[in-house]
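Hi everyone, thanks for coming. I'd like to walk you through a structure that may be new to most of you, so please have a look at it on the screen.

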Amino acid sequence: MTGVLIATLVAMGREYGWLYDRLIGLGRDVLVIDRGTGEPGVSYPVNAPDDRAAATRS
């Protein structure tokens, strides 16, 4: 099972990092999507960074 985390990482990166670590620890795959427009500044991998996610907005 894959967990999907969708967040504005510039604001909630630390909190989502905690959740990311818990899911990885449970053996889950995790897909991280940053919906913000700033630099997330997180140490875990972001699968869809802000520039790719922002391009999907209308």
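Let me start with a single residue, Leu-31, which sits in strand S2. How exposed is Leu-31? It's partly exposed, because its relative accessible area is 33%, and the cut-off for buried is under 20%. Leu-31 also belongs to a group: together with Val-4 and Ile-6 it makes a nonpolar surface patch of about 240 Å².

I should say right away that what you're looking at is a predicted model.

Okay, let's step back to the whole thing. Which elements do we have here? There are 2 helices and 2 strands, and if you start at the N terminus, the order is β-α-β-α. The protein has 58 residues, and 31% of them count as buried. As for the surface, about 4,000 Å² is exposed, with carbon and sulfur atoms supplying 53% of that.

How much of the contact map comes from far apart in the sequence? If you take the contacts with a separation of 6 or more, 50% of them are between residues 24 or more positions apart. Keep that in mind, as a few examples are coming up.

My main example is Leu-9. You'll find Leu-9 in helix H1, and that helix covers residues 9-25. Is Leu-9 buried or exposed? Leu-9 counts as buried, because its relative accessibility is 3% and the limit is 20%.

So who are the contacts of Leu-9? Setting aside the neighbours within four places in sequence, Leu-9 touches Tyr-16, Val-32, Asp-34, Pro-40, Val-42, Tyr-44 and Val-46. Let me pick out Asp-34 from that list. Asp-34 is in strand S2, which runs over residues 29-34, and it's buried, with a relative accessible area of 0%. How do Leu-9 and Asp-34 meet? A polar atom of the Asp-34 side chain lies 3.1 Å from the backbone nitrogen of Leu-9.

There are two more distances from Leu-9 that I like. Gly-41 is 32 residues away in sequence, yet the C-alpha atoms of Gly-41 and Leu-9 are 7.8 Å apart. Gly-41 sits in the loop between S2 and H2, and Gly-41 counts as exposed, because its relative accessibility is 67%. Then there's Pro-49, 40 residues along the chain from Leu-9, with 9.4 Å between the two C-alpha atoms.

Now look at Val-10, which is also in helix H1. Here the picture is another one: Val-10 is exposed, with a relative accessible area of 51%, and exposed means over 50%. Leaving out the neighbours within four places in sequence, Val-10 contacts Glu-39 and Pro-40. And from C-alpha to C-alpha, Val-10 and Gly-38 are 6.1 Å apart, with their positions 28 residues apart in sequence.

On to the aromatic side chains. How many aromatic pairs does the structure hold? Just 1. The partners are Tyr-20 and Tyr-44: their ring centres are 5.2 Å apart and the planes are at 20°, so the pair is stacked. The cut-off behind that word is planes under 30 degrees apart. The pair also links distant parts of the chain, with Tyr-20 in helix H1 and Tyr-44 in the loop between S2 and helix H2, 24 residues apart. Helix H2, by the way, is residues 50-54.

Are the two tyrosines buried or exposed? Tyr-20 counts as buried because its relative accessibility is 12%, and Tyr-44 is buried too, at 10%.

One last residue: Asp-21, in helix H1. Asp-21 counts as partly exposed, because its relative accessibility is 43%. The C-alpha atoms of Asp-21 and Tyr-44 are separated by 8.8 Å, and the two residues are 23 apart along the chain.

To wrap up, I'd take two things away. Leu-9 in helix H1 is in contact with Asp-34 and Tyr-44, among others. And Tyr-20 and Tyr-44 form a stacked pair that links distant parts of the chain. That's it from me, thanks for listening.

Notes. Residues numbered from 1 in each chain as written. Predicted model: local features only at pLDDT ≥ 70, side-chain atom pairs only at ≥ 80, totals over all residues. Heavy atoms only, no water. Helix = DSSP H or I, 4+ residues; strand = E, 2+ residues; numbered from the N terminus. Buried < 20%, exposed > 50% of the residue type's maximum accessible area, 1.4 Å probe, protein only. Polar contact = N/O pair within 3.5 Å; in protein donor to acceptor, adjacent residues only side chain to side chain. Contact = heavy atoms within 4.5 Å. Areas by Shrake-Rupley, 256 points an atom, 1.4 Å probe, with all protein chains shown as cover. Patch = residues over 30% accessible without salt bridge, like charges linked within 9 Å, V, L, I, M, F, W, Y side chains within 5 Å. Salt bridge = Lys/Arg side-chain N within 4 Å of Asp/Glu carboxyl O. Phe/Tyr/Trp six-rings, centres within 6.5 Å; stacked < 30°, edge-to-face > 60°.
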